[in-house]
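Here are my notes on this one, set out as numbered points. Have the model open while you read, and start with the loops at the N-terminal end.

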Amino acid sequence: MKRSLPLNAVRVFELAAQHLSFTKAGEELSLTAAAVSAQVKSLEAYLGTALFVRSNNRLSLTQAGEHYFPRVRDAFRALQHATDQVTGQRPPSLRVAVPPPFGTKWLVPRLFRFLARHPDVAVEVVTEGEDAGWDLAIDDRLAEGATLLAVSRYVPVCSPGLAARIASPVDLAGQLLLHERTGRRSAPSASWDRWFELAGVDPGPASRDMGFGDATMMLQAAIEGQGVALAQELLVAYDLAAGRLAEPCEVAVPLQHTYYLSVSREASTRDETALFRAWLVAELGGERPG
């Protein structure tokens with residue numbers, strides 16, 4: 001007869017894997033680090049495989065641990081959600097992970113409309129790098145199971161005052177060109193060289209440029225009149241409408257940025273997930289692309 005799954009040890013493992021620390025897991029559970037270690041060892045014995053690599057007072061997950069952790073986390077979150085729904089302690093909630101620029105410049109300015117329409121759904125917005133899990137994730141990298149959400153073209157934008165001094169695309173070469181530097185976890189960003197090439201413009205001698213590790217900082221520099229930014233149209237719609245930014249020259253080039261939507265297995269059948277997904281598609285302009 002197969003032994004019952006040691007749920008207490010599984011819970012201890014989930015916290016230890018989340019923090020990569022027996023000490024921090026113990027603090028949450030009011031246990032000593034030694035007691036946490038003992039629980040993890042008992043689970044490893046039950047599973048017949050190591051879940052952690054312990055070396056030089058550092059903790060990391062083995063390949064088995066990397067596989068096991070997200071599934072355990074989803075299972076506990078599903079259990080908590082079901083319990084909260086039955087007891088009526090919490091409204092339905094969604095944890096939405098987004099790249100910081102997308103969250104700041106696109107999602108947050110529009111989120112009030114979803115909350116006004118569905119006041120019984122609580123939404124928590126987190127950045128993609130947070131490890132506490134998510135229900136929906138918007139990302140610019142194609143992950144397994146993700147679907148196409150939006151495609152945004154790149155456009156030059158700057159302050160209205162600076163735009164008034166730019167008569168044609170050729171004039172852009174004389175400006176400080178602002179661009180986003182691609183991060184480790186992001187899809188490649190567009191370059192001014194590529195934009196000029198697709199626009200059929202010879203920028204001449206090398207122009208001055210300034211790179212930013214975050215699109216939000218780049219756009220703020222453009223708003224302050226510091227230069228011309230090569231930006232995703234999706235992220236500057238509100239600033240353009242409010243007059244904080246302007247397009248100095250409207251030249252359509254096939255330079256685009258793509259966003260994808262992923263839904264966790266635990267959240268895929270929930271009503272609030274369907275509501276939020278439908279709202280996203282409507283906000284992005286109608287039917288789902290692709």
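1. Begin with Ser 30, which sits in the loop between H2 and H3. Keep in mind that this is a predicted model. Ser 30 is not a glycine, yet its phi is positive, near 60°. As for its surroundings, Ser 30 is exposed, with a relative accessible area of 68%.

2. Now step back to the other end of H2. Leu 20 lies in the loop between H1 and H2, and here too a residue other than glycine has a positive phi, of about 50°. Is Leu 20 exposed or only partly exposed? With a relative accessibility of 41%, it counts as partly exposed, since the exposed class begins over 50%.

3. Between those two loops runs H2 itself, residues 22-29. Its buried residues are Phe 22, Ala 25 and Gly 26. Why can we say that they line one face of the helix? Look down the axis of H2: the buried residues fall within an arc of 100°, so one face is what they line. The cover over these buried residues includes two helices, H1 (7-19) and H3 (33-47), along with strands S1 (52-55) and S2 (58-61).

4. Pro 6 deserves a glance while you are in this part of the chain. Pro 6 belongs to the segment before H1 and is partly exposed, with a relative accessible area of 23%. That value misses the buried class, because buried means under 20%. Leaving out neighbours within four places in sequence, Pro 6 is in contact with Leu 43 and Tyr 46. Its C-alpha atom is also separated by 8.4 Å from that of Ser 42, and those two residues are 36 apart along the chain.

5. On to the nonpolar cores. The largest has 34 residues, and Phe 102, Leu 107, Leu 219 and Phe 276 have the most contacts inside it. Apart from that core lies another, of 19 residues, among them Ala 25, Leu 43, Leu 61 and Phe 69. Two of these names have come up already: Ala 25 is one of the buried residues of H2, and Leu 43 is in contact with Pro 6. As background, nonpolar side chains in soluble globular proteins tend to be buried together.

6. Which residues does Leu 219 touch? Not counting residues up to four places away in sequence, the list is Lys 105, Val 157, Ala 229, Ala 231, Leu 235, Val 236 and Leu 245. Hold on to Ala 231, as the next point returns to it.

7. How many cavities of 30 Å³ or more does the structure hold? There is one, with a volume of about 60 Å³. Of the 10 residues that line the cavity, the closest to its centre are Tyr 154, Glu 180, Met 218, Leu 230 and Ala 231. Helix H8 (215-223) and strand S9 (228-232) each supply at least two residues of the lining, and S9 gives the most, with three. By type, the lining divides into seven nonpolar residues, two polar and one charged.

8. Finally, the chain as a whole. Its secondary structure comes to 10 helices and 10 strands. Of the 290 residues, 42% are buried. Among contacts with a separation of 6 or more, 78% are between residues 24 or more positions apart.

Terms used. Residues are numbered from 1 along each chain as its sequence is written. This is a predicted model: local features need pLDDT of at least 70, side-chain atom pairs count only at pLDDT 80 or more; totals for chains, interfaces and linings use all residues. Side-chain values use heavy atoms; hydrogens and water are left out. On a 1 Å grid over the protein atoms alone, a cavity is a set of points where a 1.4 Å probe fits but cannot get out, and a pocket is an open set with protein on both sides within 12 Å along at least five of seven lines; lining residues have an atom within 4 Å of a point. Grid points are joined across faces, edges and corners, and a volume is the space filled by probe spheres set on the points. Helices (H or I, at least four residues) and strands (E, at least two) are DSSP runs, numbered from the N terminus. Ala, Val, Leu, Ile, Met, Phe, Trp, Tyr, Cys and Pro count as nonpolar, Asp, Glu, Lys and Arg as charged, and the others, Gly among them, as polar. A nonpolar core is a set of buried Ala, Val, Leu, Ile, Met, Phe, Trp, Tyr and Cys residues joined through side-chain atoms within 4.5 Å. Buried means under 20% relative accessible area, exposed over 50%, partly exposed in between (1.4 Å probe, protein chains only). Contact means heavy atoms within 4.5 Å. The arc is that of the directions from the helix axis to the C-beta atoms.
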